Each structure stands twice: as C-alpha cells, then as structure tokens.
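Please find below some notes for a colleague who has not seen this structure before. They take up a helix, the nonpolar cores, the aromatic pairs and a pocket in turn.

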Amino acid sequence: GIYAKLPGDMPEKLALAVLDVAGAPAQTARLVKPGGTVLIIGGGGKSGLLCLHEAKKRAGITGNVIALDFADSAVDRIRKLGCANAIIQADARDSIGVMKRVQETTAGLLADVTINCVDIPGTEMASILATKDGGTVYFFSMATSFTAAALGAEGVGKDVDMLIGNGYCQGHSEIAINCLRENAVLHSIFASVYA
C-alpha cells in the first residue's frame with residue numbers, strides 16, 4: 001500500500017486532514033493550465049479549498065478560478081481564502097441554474113476544467129453542463145454516479161473528458177501538504193476547522 005511521511009512542521013491531526021484528500025489538489029495541479037478557466041464545485045470544503053489554492057497557482061494571473069458552494073459558511077471560507085476570481089453561491093444539484101451562472105461568469109465560455117468536490121449525489125450534470133466542449137471534468141466526489149455522468153453527458157451531447165476521482169497520483173502528499181505551507185490563510189482555515 002501507499003504511505004506518506006508525516007511532516008515535522010505541522011501537528012499530526014492537521015497533516016492527516018490534508019492527506020485525507022491529497023489526491024484532489026494533486027490532480028488539480030495536473031489538469032489546470034496557465035490562463036485556464038477552472039470551476040471548483042464544493043470549493044468551500046476540505047478538498048475544495050486545497051483545489052482552489054492549487055488552481056489559482058497553476059492558472060496564474062491570466063486564469064479565471066471560480067468557486068461554487070451552497071452553504072454560507074463554505075462561501076465565507078472561500079472569501080477568506082481569496083483564491084477565487086468569482087464565487088457562485090448555488091445548489092450544485094440545480095444543473096441548469098449552475099450552467100447559467102457559470103455562463104454569466106465566463107461570458108458564455110464555460111470552464112476548461114471542472115473539479116467536483118461535493119459529497120452529495122445529483123451534481124454530475126451541473127459539472128458537465130458547466131464545462132465547455134473539449135474540456136475536462138474531474139469527479140473527486142465519491143458520491144458521484146458514474147452511470148449518471150456517462151449517460152448524462154451522452155444524453156445532452158456534451159463532449160467532455162471525465163475523470164474518476166482516484167485519490168492517488170505521484171507526489172500527491174507533497175503537493176497537498178505544500179498547499180498549507182504556501183498559503184498562511186489556508187493553513188489557518190484548516191487548523192481551525194479540520195484539526
């Protein structure tokens with residue numbers, strides 16, 4: 001099995017909270033290109049916040065990072081983090097509503113990459129519809145119905161690449177831990193909420 005060496009510069013409970021979702025920011029690092037438009041669905045949660053930091057870093061100053069979440073507390077965490085160019089407060093189960101909000105935010109262009117970090121079912125179509133043809137949807141959420149995603153994309157004629165949320169990729173623990181080292185606000189949020 002895989003293992004990660006616990007860092008010496010943070011408490012064990014904090015490190016374990018980060019390592020629990022280490023695959024999400026690592027996959028974000030792989031998928032996001034400079035200047036890209038990225039949508040993080042569930043951006044105010046544990047994996048979503050790490051993905052926001054990594055997306056902002058990888059997309060750069062010419063990129064457009066959009067965070068979507070439903071709860072006021074999650075939206076507050078996103079605002080505090082300061083990594084999103086735009087924040088959408090919406091229910092990710094409302095696929096048409098999400099698509100329209102993302103269209104408004106991107107002047108109709110939609111997202112190059114959508115990363116779904118929510119832990120509730122029924123958000124597959126919002127992810128698919130918010131992504132441009134030729135784009136990529138990464139389903140990190142284990143609540144995802146891959147049948148709904150595959151048949152849904154086919155049913156609406158959406159040509160997107162869809163990736164299953166494999167929690168492992170090379171260097172995932174280092175990338176995830178470094179998110180907290182690089183971002184003092186993110187470190188503070190994790191310390192207060194998750195550790």
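**Notes on the predicted model**

1. Eight of the nine residues of helix 2 (residues 23-31) are buried, so this helix is largely enclosed by the rest of the structure. The model is a predicted one. The buried residues of helix 2 are Gly-23, Ala-24, Pro-25, Ala-26, Gln-27, Thr-28, Ala-29 and Leu-31. Their cover includes three strands and two helices by name: strand 4 (111-116), strand 5 (131-139) and strand 6 (161-164), with helix 3 and helix 8 (172-182).

2. The largest nonpolar core has 34 residues. Those that touch the most other members are Ile-40, Leu-50, Leu-52, Ile-115, Leu-180, Leu-186 and Phe-190. Helix 3 gives this core its largest share, six residues. There is also a second, separate core of 15 residues, with Leu-39, Ile-88, Ala-90 and Ala-92 among them.

3. Leu-186 can be looked at by itself. Leaving aside residues up to four places away in sequence, Leu-186 touches Leu-49, Leu-50, His-53, Leu-81, Cys-179 and Leu-180.

4. How many aromatic pairs are there? The count comes to three. In one of them, the ring centres of Tyr-138 and Phe-140 lie 6.1 Å apart with the planes at 40 degrees, so the pair is tilted. Tyr-138 and Phe-140 are both buried.

5. Phe-190 and Tyr-194 also pair: their ring centres are 4.9 Å apart and their planes stand at 55 degrees, so this pair too is tilted. Are the two partners buried or exposed? Phe-190 counts as buried because its relative accessibility is 0%. Tyr-194 has a relative accessible area of 23% and is therefore partly exposed, the cut-off for buried being under 20%.

6. The largest pocket has a volume of about 460 Å³. It is lined by 26 residues, of which Gly-42, Cys-117, Val-118, Asp-119 and Ile-120 are the closest to its centre. Which elements give two or more residues to this lining? They are helix 3 (46-59), strand 2 (64-69) and helix 4 (72-81). Sorted by class, the lining holds twelve nonpolar, eight polar and six charged residues.

7. Helix 3 recurs in these points. Helix 3 is part of what covers the buried residues of helix 2, gives six residues to the largest nonpolar core, and gives two or more residues to the lining of the largest pocket. Phe-190 likewise appears twice, as a member of the largest core and as a ring partner of Tyr-194.

How values were computed:
Residues numbered from 1 in each chain as written. Predicted model: local features only at pLDDT ≥ 70, side-chain atom pairs only at ≥ 80, totals over all residues. Heavy atoms only, no water. 1 Å grid on protein atoms, 1.4 Å probe; cavity = no way out; pocket = protein on both sides within 12 Å on 5 of 7 lines; lining within 4 Å. Points joined across faces, edges and corners; volume = space filled by probe spheres on them. Helix = DSSP H or I, 4+ residues; strand = E, 2+ residues; numbered from the N terminus. Nonpolar A, V, L, I, M, F, W, Y, C, P; charged D, E, K, R; others polar. Core = buried A, V, L, I, M, F, W, Y, C linked by side-chain atoms within 4.5 Å. Buried < 20%, exposed > 50% of the residue type's maximum accessible area, 1.4 Å probe, protein only. Contact = heavy atoms within 4.5 Å. Phe/Tyr/Trp six-rings, centres within 6.5 Å; stacked < 30°, edge-to-face > 60°.
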